[in-house]
Structure formats: C-alpha cells, structure tokens
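Work through the two exercises below with the sequence and the structure at hand. Try each task before reading its solution.

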Amino acid sequence: MNYERYLNPAIAAVPPSGIRRFFDLAATMKDTISLGVGEPDFVTPYHIRNAAINSLLDGETQYTPNRGLLPLRKEISRYLEDRFGTPYDPETDIVVTVGASESIDIALRALVSAGDEVLVPEPSYVSYSPSVIFAGGTPVGVKTDQSNAFRLTAENVRAAITPRTKALILPYPNNPTGGIMERADLEALAQVVREKEIMVISDEIYAELTYGDNTHVSFASLPGMWDYTLTINGFSKAFAMTGWRVGYICGPAAILTVLNKIHQYGILCAPRQGQVAALEALRMGRENGYEDVEKMRQSYDRRRRLMVDGFRSMGLDCFEPLGAFYVFPSIAKTGLTSEDFCARLLNETHVAAVPGTAFGACGEGHIRCSYATGIDKLNIALEKMADFVNNL
C-alpha cells in the first residue's frame, strides 16, 4: 500500500535527528563511549526523587491543572525573578510543559501562520527548524561562526528580517557551540526587535550553566523586552532531570492563554510526579543556595577545560565554550567532512560524536561532543580521538 499519499509531505520530508542517528548506532556497539546526547551523567538528587516517591505513596496520581500545579508555578515565578530579574505572574504568565521541547512546539504553533518566517540561528539545536515546519511556517537560518564566538549579531538578524518574519528563536547558552550572548549583544538585538516588532522565543534551558565570570542575562529582563519575549526553561539540564520531562514557558498572558489551549487539547498536563519533583528542586534550591546545581556546574567546568585542552593538543582548532556542556571543535584540518569524521571515529574507535551538520549546514567542518559524562570516560575518549586524528 502506498502510504505516501496520506502523509503531510512537508512533515514527511523532514529528516530524522542527526543526534539520535549516531546515538542509536553507538548503542548497537560494545564498549562505546558516547559524547553524543546532551544528558547529564548525574542522577537526580535524592531529595528530589524522594519527594516524587512520597507523592506516589500518598496516592497523588491525579491530573494537575492544565497550566501546572500552582505551588510549582509560584516557585518558578520566584526563581526567575530572583535569579534572572524576570517577573511573571504564576496565575497567568506561566505554563508547565512536558519538557522545554513541548514549550518550543506550542510557542511556534501559537505564533506561526502559513507563510510566516521564523529566524533560526545556525548552528543551533536540531528541533527548532523542524518545529517551525510542523507549525506551518518557514525557518530562515541566520549564520553564526567562530570568528564572532558564535554570537547572534543585530546586523545579521536585521538583514534576515522580511515582511513575513514573525519571530526569532534565541537559543543561548547555545547547543551545540557553547556560545553565550553578553548583555551588550542582547541590547543591540533588542533595538532590532523593538524596531521590527517581532517576537522572541528565548530558549534558556542552559541558563544556569555558564563559566568563568559570565552569568546568564535573560532577554526578557532587558528594558522593554518583556512584552516581546516568550521565555523557555526547564529542569533537565541544570537539575539533572532529563527523564522527568518538566519544562515551562513564560510570557504575556494574552499569548499564554492561546499556548495553554494547545497544551490543554494536546497534552492536558505535565506528569504530576515530575511537577512534584520540580517543585522540590526549586524549593530546596532556594533554601540551600542551589547547592546541587553549583556542584554540577563546577564539575562541568572542569570537564570543559579538559576537552578544550584535549582537542587543542591534537592540533585541532577548538572554540572555548562559555555555556552549556558541549564543545564544537573544528575538524577541517583533517580533510574529512563532519559526517565522514564521525562515522569513521565511531567505527574505528567506538567513540560517538555528532556531525556539525546536524545543527545546520554551516556546522560543516565541526563536530559536537558533550562533556556531560564522567572524567574517566572523557580521558579515554580523548586518547582514542588523538590517535585517530594522528593516524589520518
């Protein structure tokens, strides 16, 4: 039977995730060290797990309100204002979602109509452009590169805007590059947003993971930008809660009301125990100064420096990431494409990395390696990679 005639051709044409392709292949091989998937190697802290266990034992197995448990929304509101200076009313301005991924999806479906364009920085996370297509819009790539620390410039954004531009996705700290946006960069971008009156979908899932003297600046905290911004965050990365699938989206009530309709009909609510765990993470975090988050951040920082030094010692150019938990070294000197490099690396050394092209065409000549894995494994992976590069 020919099922193609039943399928939406635009969606059928979207390729599968380049990250998962190499991850799934690596899973079939023995003794593979995977630097592919961006998942913390830390187990969710005990007190968070225990809160969810107690919730189950107490028989809390019902639906929650569509927008999420109100105590959780209150804690999210307090957390965002305390940490990043962004005020949100927990009653009207916050929706708890199934991970930050659902937030991205419903934000785009609420904003985008057929023919609308959405600016997507490249390289960036693999789901943005497909999600724009799924919403009926057209993704428009805005290139960034190492010469500018993979920052998005106001000039490049202005040049990409057309009368059909509806929104800009702002993914910083950035996956895959580890690049960040400093306040001056964001202030210049804010002028363009104000002038062109486009919405900004600011994905800040790595907001807690910055290094050195750098601290995250939330776009909505800039003067006049709250009204133009949908802020997305969650618990997967900084709180080591990937499998709990709890994220949230914040913004003006008029937009959140529409977003919540999509969430209500498509999902109903995020899992109750995940929300209970997230509430515990924020409550205890506030009480102990986010001790768990800081311990993990310091560990990532040590691994970050190890990876950068390791790639540079191989003779490869490696941008120093200032956020998230990825390195994005250039492999151009090897003469291999990103796809060929990663395929051979996996087959010959059983080390899995992701081709830069998985994050946009301008990622060619780079690979992405996650350092959210143990130091011992990272050292072994670097040794194998160094031998591989030297033998090319």
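**Exercise 1.** In this predicted model, find out whether Asp93 is buried or exposed, and which side chain of opposite charge is nearest.

*Solution.*
1. Locate the residue: Asp93 sits in the loop that links helix H4 (70-84) and strand S2 (94-97).
2. Check its surroundings: Asp93 is buried.
3. Look for a charged partner: the nearest side chain of opposite charge is that of Arg67, 6.6 Å away. A salt bridge needs a distance within 4 Å, and Asp93 has none.
4. Look for other polar partners: the side chain of Asp93 makes a polar contact with the side chain of Thr92, at 2.9 Å.
5. List contacts, leaving out residues up to four places away in sequence: Asp93 touches Arg67 and Trp226, among others. Also included are Cys250, Gly251, Pro252 and Ala253.

**Exercise 2.** What span should the 12 residues of helix H3 (residues 46-57) have, and which residues of H3 are buried?

*Solution.*
1. Take 1.5 Å times one less than the number of residues. For H3 the expected span is 16 Å.
2. Compare with the model: the end C-alpha atoms of H3 are 16 Å apart, which agrees.
3. Pick out the buried residues of H3: Ile48, Ala51, Ala52 and Ser55.
4. View H3 down its axis: the buried residues fall within an arc of 90°, so they line one face of the helix.
5. Turn to the face away from the buried side of H3: it carries the exposed residues Tyr46 and Leu57.
6. Ask what covers the buried residues of H3: helix H10 (272-288) is included in the cover.
7. Step past the end: just after H3, Gly59 has a positive phi of about 80°.

Notes:
Residues are numbered from 1 along each chain as its sequence is written. This is a predicted model: local features need pLDDT of at least 70, side-chain atom pairs count only at pLDDT 80 or more; totals for chains, interfaces and linings use all residues. Side-chain values use heavy atoms; hydrogens and water are left out. Helices (H or I, at least four residues) and strands (E, at least two) are DSSP runs, numbered from the N terminus. Buried means under 20% relative accessible area, exposed over 50%, partly exposed in between (1.4 Å probe, protein chains only). The arc is that of the directions from the helix axis to the C-beta atoms. Contact means heavy atoms within 4.5 Å. Lys and Arg count as positive and Asp and Glu as negative; His and the chain ends are not counted. A polar contact is a pair of N or O atoms within 3.5 Å; within protein, one must be able to donate a hydrogen and the other to accept it, and residues adjacent in sequence count only if both atoms are side-chain atoms.
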